[in-house]
Amino acid sequence: MALILNNSAISPGIFKMTVAFTGVVKPGQFFMLRAWDKDPLLSRPISVHNYETGQLSFLYQVVGKGTEILSQLQTDDEVTIQGPYGNGFPEITGDLCMVGGGIGTAPLYYLARHYREQNPTGKCRIYLGFRDSAYGVDAFEALADEMILDVGGIITNKLVVLASETVVTCGPEIMMETVAKTVPADNTVYVSLEAHMACGIGACLGCSCETRSGNKKVCKDGPVFVREEVFNV
Ligand SMILES: Cc1cc2nc3c(=O)[nH]c(=O)nc-3n(C[C@H](O)[C@H](O)[C@H](O)COP(=O)(O)OP(=O)(O)OC[C@H]3O[C@@H](n4cnc5c(N)ncnc54)[C@H](O)[C@@H]3O)c2cc1C
Ligand code: FES
């Protein structure tokens with residue numbers, strides 16, 4: 001159980017929850033959250049949005065029953081969190097280019113912060129795309145050498161990747177596939193996949209995905225994969 005320090009809307013249907021937590025948490029990892037007894041049956045996977053000593057944040061979109069229940073929790077309520085799970089993003093040296101779409105921007109914030117701390121002289125360029133309205137942009141702006149924002153269009157149409165950059169993308173599958181297929185072969189590209197998850201720890205096979213080296217579990221072998229593993233590039 002974790003104590004909720006804050007849980008409020010930052011944009012219509014988009015909530016940020018901060019809970020008290022102490023542990024080792026890598027960018028790109030996720031937790032399984034639940035705040036109900038039997039219905040819905042399963043806990044819900046939510047990525048780490050930020051972690052600073054003692055405070056763990058999640059950014060989530062209300063799309064169904066589980067996230068609706070989460071959105072109604074108040075400061076000083078408790079929420080069950082299990083994790084951190086998943087491999088997270090690898091340590092990135094050199095320059096970083098991030099491409100986030102919608103709620104897929106959630107895990108990229110902690111990555112950008114971590115990257116800045118580890119690579120004070122590295123360059124960080126951030127592409128963010130939103131369908132209706134943008135959120136969380138100011139926080140990214142503070143960490144970016146260059147920000148490219150798109151609302152209502154197709155962010156990948158604006159994407160220009162530099163030879164020095166490692167690319168990280170998270171968002172709708174079609175967006176990640178476009179990034180995977182259009183970024184030059186010499187750049188390393190990491191994608192963070194989503195899948196329906198039951199256990200989150202590699203025990204149920206509910207999140208299997210086809211990869212170049214056979215079926216893998218998004219929860220345990222991912223959610224971060226190198227593009228060649230999961231897309232035909
Ligand atoms: C590793 C991982 C990290 C995630 N991180 C975040 C995050 O940081 N913020 C966030 O808002 N969401 C995140 N998600 C998605 C989130 O888990 C789902 O939106 C949530 O489980 C929906 O639960 P619900 O009960 O509200 O909706 P449901 O009633 O279960 O579903 C509503 C709709 O969302 C779709 N859906 C549900 N779960 C998933 C899923 N896992 N993948 C794709 N589509 C799904 C359903 O097909 C349905 O159309 C993540 C998913 C994974 C696998
Ligand atoms: S969610 Fe159970 S194996 Fe991945």
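The following paragraphs describe a predicted model, beginning with its open sheet and ending with the surroundings of ligand 1.

The sheet consists of six strands in the order β10-β9-β8-β11-β12-β15, and their pairing is mixed. At its edges lie β10, spanning residues 146-151, and β15, spanning residues 224-226, each of which pairs on one side only. Averaged over the sheet and with direction ignored, neighbouring strands are turned by 15° against each other. In general, the strands of a sheet pair through backbone hydrogen bonds, in either a parallel or an antiparallel manner.

Within this sheet, strand β8 (residues 95-101) and strand β11 (residues 165-170) run parallel and are joined by six bridges. For V99, the bridge partner in β11 is T169.

Two helices may be considered together with these strands. Helix α2, formed by residues 106-118, lies across β8, β9 (124-130), β11 and β12 (189-192), and its direction makes an angle of about 165° with β8. Helix α4, formed by residues 173-182, likewise lies across β8, β9, β11 and β12. The angle between α4 and β12 is about 170°.

The ligand environment involves other elements. Ligand 1 is surrounded by 21 residues, of which S47, Y60, G64, G66 and T67 are the closest. Two or more residues of this shell come from each of β4 (44-47), β6 (55-61) and α1 (65-71). Of the contributing elements, β4 gives the most, with four residues. Classified by residue type, the shell around ligand 1 comprises 12 nonpolar, six polar and three charged residues.

Terms used: Residues numbered from 1 in each chain as written. Chains lettered and ligands numbered in written order. Predicted model: local features only at pLDDT ≥ 70, side-chain atom pairs only at ≥ 80, totals over all residues. Near = placed C-beta within 6 Å. Nonpolar A, V, L, I, M, F, W, Y, C, P; charged D, E, K, R; others polar. Pairing = 2+ DSSP bridges. Axes fitted to C-alpha atoms, helices over the stretch in contact; angles between N-to-C directions. Contact = placed C-beta atoms within 7 Å.
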